[in-house]
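The following exercises ask the reader to work from a sequence and its model towards a description of the fold. Each task is followed by a solution in steps.

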Amino acid sequence: MRSSVVLKLFFLTTTLCILILAVIYVGQTIFFKEYYANRKVNDLQTKIDAFKSAYMNTAGNSIAIQTLEQDFYRSNNASITVLDHDGNLKDVNDFYLEIKLLKTLTKEEEKMRIKVPLYQLMSIEEAASGQLLIARGDQVFINGIKSNSMFIPIVVQHPSGELLYENETFKRKVYKGNVRFEESKDWKDSSPSSYMSLFGAVSDIQLPSSGGASDFIYSNKLFLDQINAYQAKLLFEGNQLTDSIQIQDYEQNNVKYKLFIQPVHYDNGTTNYIFVMASLQPVDEAVQMMKDYYVYIVLFVLVLILIASLYFSLKIAKPLLRINQTTKKIANLDFSETIPIRSKDEIGDLSRNINQLSGTLHSYIGKLREDIEREKQLENTRKEFISGVSHELKTPLSVMKSCISILKDGVAAHKKDHYFEAMEKEVDKMDHLIVDMLELAKYESGTYKMKMDTFCIDKLIDSVCEKLAHELAAKTLRLSMQLIPALVVANQHRIEQVIINFMTNAIRYTPKNLEIIVSVIEETNHIVVRVENKGAQIPEEQLGKVWDRFYRGDTARKRSNGGTGLGLAISRKILELHDVHYGAANTTDGVVFFFSLNKKCE
């Protein structure tokens with residue numbers, strides 16, 4: 001039982017804790033990554049919609065738009081900008097070169113100044129280094145694509161053929177081999193998104209100032225590369241968006257990114273694009289860190305789980321085992337052990353209830369045993385009563401039967417009165433015997449309750465002696481009384497019956513002309529009453545038997561002197577119900593019977 005409970009609780013607790021740990025580990029290392037990505041996508045979609053509303057309200061204000069972009073970046077750790085219909089940066093215009101066409105087809109084009117964005121050709125670090133490969137007044141060839149808003153460069157070359165700058169993304173789309181310079185088309189007549197080759201002199205170069213509002217865009221090369229790639233799709237693949245946001249996955253150097261392209265439609269029919277790039281690197285690093293960390297935490301938690309499970313199982317199993325042991329003893333009617341209550345939970349309540357049940361059962365079983373013993377005693381009393389009465393009635397019945405036979409046969413008719421008198425005596429004996437037997441049976445039943453009184457024992461003894469004065473005079477016995485005034489607590493009527501039995505017994509067995517001494521002796525808490533008669537003694541081995549019913553000692557103390565043989569047995573029961581000391585002893589020239597009573601406290 002002990003091993004079973006402890007092991008079950010131990011394995012159950014350990015399995016549950018390990019399962020919880022495994023769920024946490026799997027959730028944080030596998031599902032948490034997906035949850036984080038989905039949560040971030042949903043949050044960014046909501047933030048992009050808010051940015052779109054704010055952008056529409058500040059359209060045309062470049063400074064306000066750049067502030068919105070910077071606030072979005074700081075709040076969401078995601079780069080954001082707005083592209084025009086052809087994929088160019090719309091609200092930043094501080095990183096470009098301007099060329100004056102030298103080889104033109106019309107006179108009007110001689111005065112034209114064409115802006116060429118540089119963020120697609122060089123990095124902001126290169127521009128800030130001061131080591132540009134182009135300066136004002138330099139002549140250059142530029143191959144590119146004409147868009148609605150500006151000229152998008154693909155390759156920039158020196159007239160000598162030296163390659164100065166190139167847009168690698170567009171170059172891969174346009175050229176399959178070497179770069180080719182074709183004769184320039186008419187700028188005005190050429191359509192948007194048409195391929196062109198320009199030749200001119202650099203009239204101006206605009207570079208972003210350090211710490212400017214657009215630095216966070218120009219300094220993010222990966223962000224610019226993705227803008228460039230998306231612009232190529234717009235120009236070369238016609239990948240135009242309608243109303244729904246487009247979400248793309250992108251991975252660079254084992255780092256995953258999410259790209260969001262949200263179209264913005266205007267009333268004039270043009271469409272711009274909100275372009276957002278968010279990195280998922282933080283969650284990847286966190287998940288990897290958790291994987292490394294869990295190697296240590298799992299070992300620690302497993303040890304902790306084992307210790308906690310063992311303690312937990314023992315904490316519950318130990319009181320249950322104690323309860324089991326105690327209930328086994330209760331089942332075997334052993335109520336000597338109680339369960340210690342050390343907690344205020346359900347186990348403590350169970351222990352308390354079992355203790356109460358044990359006490360109640362013990363009480364009821366004790367009462368039941370007392371009732372059974374009392375019933376047995378009553379049954380024995382009935383049997384003894386029947387046996388005793390049947391035995392003791394044999395002699396008087398035999399005498400009466402003999403007398404009746406004599407009277408019936410008419411023998412000795414002159415003694416008729418004598419036989420009637422003999423039968424009357426036998427009837428009186430039988431009546432006394434039955435009364436004494438019933439009284440003794442009442443005392444021995446165990447149901448009789450003795451009611452206590454307070455009275456003077458000396459006056460009670462004096463009254464009894466007056467009642468027995470005739471019997472004393474009939475045998476010419478001397479009565480010596482040594483009494484002292486004393487209050488006792490007892491049942492006066494029953495103590496009077498005891499004294500009468502002692503005195504009657506003394507008168508019966510005291511030879512004529514001898515003395516009976518009745519005395520009262522005071523002790524610390526008791527009063528001792530003694531009745532001593534002179535004459536024949538009782539053998540020592542039979543002193544304890546004189547209290548038995550129908551005691552038959554030597555011939556000197558047989559009931560031929562009268563009596564039923566139940567007086568001392570009745571006295572013994574009365575004194576036992578008083579719970580006092582009593583006894584009989586031989587003196588130098590006789591026998592003394594005595595008993596003690598509780599003295600009344602002052």
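The exercises below concern this predicted model and proceed from the whole chain to single residues.

**Exercise 1. The chain as a whole**

Determine how many helices and strands the chain has, and what share of its residues is buried.

Solution.
- Step 1. The secondary structure comprises 14 helices and 17 strands.
- Step 2. The chain has 602 residues, and 41% of them count as buried.
- Step 3. Among contacts with a separation of 6 or more, 69% are between residues 24 or more positions apart.

**Exercise 2. Confidence in the model**

State the average pLDDT of the chain, and find what the pLDDT is over residues 554–560.

Solution.
- Step 1. The average pLDDT is 79, and 82% of the residues score at least 70.
- Step 2. Over residues 554–560 the pLDDT is below 50, although this stretch has 19 contacts in the model beyond near neighbours in sequence.
- Step 3. Where pLDDT is low, predicted coordinates should not be read in detail.

**Exercise 3. A sheet of six strands**

Give the strand order of the open sheet of 6 strands, and explain why one side of S3 and of S6 is left without a neighbour in the sheet.

Solution.
- Step 1. The order is S3-S2-S7-S4-S5-S6, and the pairing is antiparallel.
- Step 2. Strands S3 (113–117) and S6 (163–166) stand at the edges; each has a single partner strand, so one side of each lacks a neighbour in the sheet.
- Step 3. With direction ignored, neighbouring strands of this sheet are turned by 45° against each other on average.
- Step 4. At one edge, S3 is joined to S2 (residues 96–101) by 5 bridges, and the two run antiparallel. Within this pair, Leu97 stands opposite Val116 of S3.

**Exercise 4. From a loop residue to a core**

Decide whether Leu121 is buried or exposed, and identify what Leu121 and Val156 touch.

Solution.
- Step 1. Leu121 is found in the loop between S3 and helix H3 (124–128).
- Step 2. Its relative accessibility is 11%; buried means under 20%, so Leu121 counts as buried.
- Step 3. Beyond neighbours within four places in sequence, Leu121 is in contact with Pro153, Ile154, Val156, Tyr165, Glu166 and Asn167. The C-alpha atoms of Leu121 and Val155 are separated by 8.3 Å, with their positions 34 residues apart along the chain.
- Step 4. Val156 in turn touches Leu121 and, among others, Ile134, Ile142, Leu163 and Tyr165.
- Step 5. Val156 is also among the residues with the most contacts inside the largest nonpolar core, which has 43 residues; Leu97 is another of them. Helix H6 (residues 221–237) supplies the largest share of this core, 6 residues.
- Step 6. Apart from this core lies another, of 41 residues, including Ile457, Leu468, Leu543 and Phe595.

**Exercise 5. The partners of strand S17**

Find how many residues of S17 are buried, and which strands pair with S17.

Solution.
- Step 1. Strand S17 (residues 590–599) is mostly covered, since 8 of its 10 residues are buried.
- Step 2. S13 (residues 487–490) runs antiparallel to S17 and is joined to it by 2 bridges; here Val489 stands opposite Asn598.
- Step 3. S15 (residues 526–534) is also antiparallel to S17, with 9 bridges. In this pair, Phe595 is the bridge partner of Val529.
- Step 4. S16 pairs with S17 in the antiparallel sense over 5 bridges, and Tyr582 stands opposite Phe595. S16 and S17 form a hairpin with 3 residues between them.

**Exercise 6. Three single residues**

Classify Ser79, Thr476 and Asp579 as buried, partly exposed or exposed.

Solution.
- Step 1. Ser79 lies in strand S1 (residues 78–83) and is buried, at 4% relative accessibility. The side chains of Ser79 and Asn220 are joined by a polar contact of 3.0 Å.
- Step 2. Thr476 lies in the loop between helix H12 (469–474) and strand S12 (478–482). Its relative accessible area is 41%, so Thr476 is partly exposed. Although Thr476 is not a glycine, its phi is positive, about 50°.
- Step 3. Asp579 lies in the loop between helix H14 (567–578) and strand S16 (582–586). At 68% relative accessibility, Asp579 counts as exposed. Asp579 is not a glycine either, yet has a positive phi of about 55°.

Methods
Residues numbered from 1 in each chain as written. Predicted model: local features only at pLDDT ≥ 70, side-chain atom pairs only at ≥ 80, totals over all residues. Heavy atoms only, no water. pLDDT = per-residue confidence, 0-100. Contact = heavy atoms within 4.5 Å. Pairing = 2+ DSSP bridges. Helix = DSSP H or I, 4+ residues; strand = E, 2+ residues; numbered from the N terminus. Axes fitted to C-alpha atoms, helices over the stretch in contact; angles between N-to-C directions. Buried < 20%, exposed > 50% of the residue type's maximum accessible area, 1.4 Å probe, protein only. Core = buried A, V, L, I, M, F, W, Y, C linked by side-chain atoms within 4.5 Å. Polar contact = N/O pair within 3.5 Å; in protein donor to acceptor, adjacent residues only side chain to side chain.
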